[in-house]
Amino acid sequence: MAELMTRDGTWAFDGEAVRIVPGSERGVHRLRQELGEQTVPLAAVASISYEPGRKGGRLRLRLRDGADPLLQATGGHLPDEASPYHLSVEADRAGVAEYFVDEVRRSLLLEEIPEGPCDHYLLPGPAVPVSGAGVDGTATFDGERVAVSWRWNTTEHKKHAGPQEFAVGDLAAVEWQPPAGLESGFLRFRPHGVKLPSAPEHDPHAIELWGFKKESGTVLLAAAVTARLPHPKAPARRPAPTELAGRPTGPAPAAPADDHDTLLRRLRELGDLRRDGILSEDEFTAAKAAVLERFNGAG
C-alpha cells in the first residue's frame, strides 16, 4: 500500500486501483470537492509522473483515452487545479510522491496495462441525479432524461423554443466547453440528426457559461450523461436477425476467437469494478447484460 497525504488531497494505491480523495480546505477547487472520492482502476491508467518545483511539486495521473467519461465530456479543457488527476505536493512530501509513482509504474509494468485508448468506460461517471446551472438556464439529469429550463435573461430564440427535454437515447453527444476570453462557454446536448446553431446564445440545446468555478455542476452533468451514451470507440454493433431480413443468405462467418476472449475479460473487469464499489449493483447488472448480449451475438 502506498499513500500520499497533502493539503490538496490524499491518494492511496493498493496495487489494483488508485483511490483519490480531494482535500477539504478552501483552496481545493470546487469541482474536485463536488466530484468527491474517485477510485481509478489500474486498467484505466496510462502513466503517472511527479513534477518537482521550487516550492513543491505536482503529481499527475494520466488516464487512457476513453477510460473516463469526465475527461471525455470535457475534451481536455479542465484546468490543472480542477482536475481530480492532479495533486499539489508540498516540498517535504516529494520523497513520498516519488515512491508513490514508482509503485504505480511497477504495477503497470507487471500487469502489462496498455497505454492505448479504451473502447468502453472504466470509470462510472458522476452519481445521479445531478444538476448544473449556467448564465441563461439550468439542466437536470436523472439518469434517463435531461431537462433544460431557461432563466429570465435568456434570448428570445430560446424563450420561443421553450423548455427542452431529451432522453438519453435521443442524444448523439454532449459537449462542454469553458469560456475563453470574451467567448462564452456552453453545455450543449446534440440530438441525433439535428443541425445546431453555432452560437450557444441562440441554441435551445445549449446553456451559456460565462464562468467556471460557479458552474462546475455543468461539468458533472455532462460527464454523467456521457457515461450513459455509447462509447465513441465501441466495436460496431452486430446487426440483429430482423435487420438482416431480405439480405442474401449464406453461411455466417465464424466469430474470431479473440472476440470471445475480449468479452470474457470484460465480464471479469465488471466483476472487479462491482467488488471495488466503482459500479453499483444496478449498473453492474445492466453492463453485464449488455456484454452477454454481445457475447451471444458473437457466437
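# Reasoning through a predicted fold

Q: In strand 6, which residue is the bridge partner of S49?
A: In this predicted model, S49 has R60 as its bridge partner in strand 6.

Q: How do you know that strand 5 and strand 6 pair, and in which sense?
A: Pairing requires at least two bridges between two strands. Strand 5 and strand 6 (residues 56-63) have 7 bridges, so the requirement is met. The sense of this pairing is antiparallel.

Q: What is the strand order of the open sheet of 3 strands?
A: The order is 5-6-7, with antiparallel pairing.

Q: What makes strand 5 and strand 7 edge strands?
A: Strand 5 (45-52) and strand 7 (86-90) each pair on one side only. From one strand to the next, the twist of this sheet averages 15°.

Q: Which helix lies across strand 5, strand 6 and strand 7?
A: Helix 3 (residues 94-110) does, running at about 160° to strand 5.

Q: What is the strand order of the open sheet of 4 strands?
A: The order is 8-9-10-11, and here too the pairing is antiparallel. Its edge strands are strand 8 (130-133) and strand 11 (164-167), each of which pairs on one side only. The twist averages 15° between one strand and the next.

Q: How do you know that strand 8 and strand 9 pair?
A: The cut-off is at least two bridges. Strand 8 and strand 9 (residues 137-141) pair over 4 bridges, and the criterion is therefore satisfied. A133 has T138 as its bridge partner in strand 9.

Q: Which strands does helix 5 touch when it packs on the sheet?
A: Helix 5 (residues 216-226) touches strand 8, strand 9 and strand 10 (145-150), and its direction makes about 135° with that of strand 8.

Q: Why is E112 called exposed or buried?
A: A residue is exposed when its relative accessibility is over 50%. The value for E112 is 68%, so E112 counts as exposed. E112 is placed in the loop between helix 3 and strand 8.

Q: What makes the phi of E112 notable?
A: Most residues other than glycine have a negative phi. E112 is a residue other than glycine, yet its phi is positive, near 55°.

Q: How do you know that the peptide bond joining V128 and P129 is cis or trans?
A: Its omega is about 5°, and the bond is cis. By contrast, most peptide bonds are trans. P129 lies in the loop between helix 3 and strand 8.

Q: What is the distance of R188 from the ring centre of F186?
A: R188 is 4.6 Å from the ring centre, against a distance limit of 6 Å for a charge over a ring. R188 lies over the face of F186.

Q: Which residues of the largest nonpolar core touch the most other members?
A: Of its 29 residues, these are F141, V146, V148, F189, L221 and V225. The elements that give two or more residues to this core include strand 12 (171-177), strand 13 (185-191) and strand 14 (206-209). Helix 5 gives the most, with 7 residues.

Q: With which residues is V148 in contact, leaving aside its neighbours within four places in sequence?
A: V148 is in contact with T138, A139, P163, Q164, F166, F189 and I207.

Q: How many residues form the second, separate core?
A: That core has 28 residues, among them A2, V40, I48 and L63.

Conventions: Residues numbered from 1 in each chain as written. Predicted model: local features only at pLDDT ≥ 70, side-chain atom pairs only at ≥ 80, totals over all residues. Heavy atoms only, no water. Axes fitted to C-alpha atoms, helices over the stretch in contact; angles between N-to-C directions. Contact = heavy atoms within 4.5 Å. Buried < 20%, exposed > 50% of the residue type's maximum accessible area, 1.4 Å probe, protein only. Lys NZ or Arg CZ within 6 Å of the ring centre and 35° of its normal. Core = buried A, V, L, I, M, F, W, Y, C linked by side-chain atoms within 4.5 Å.
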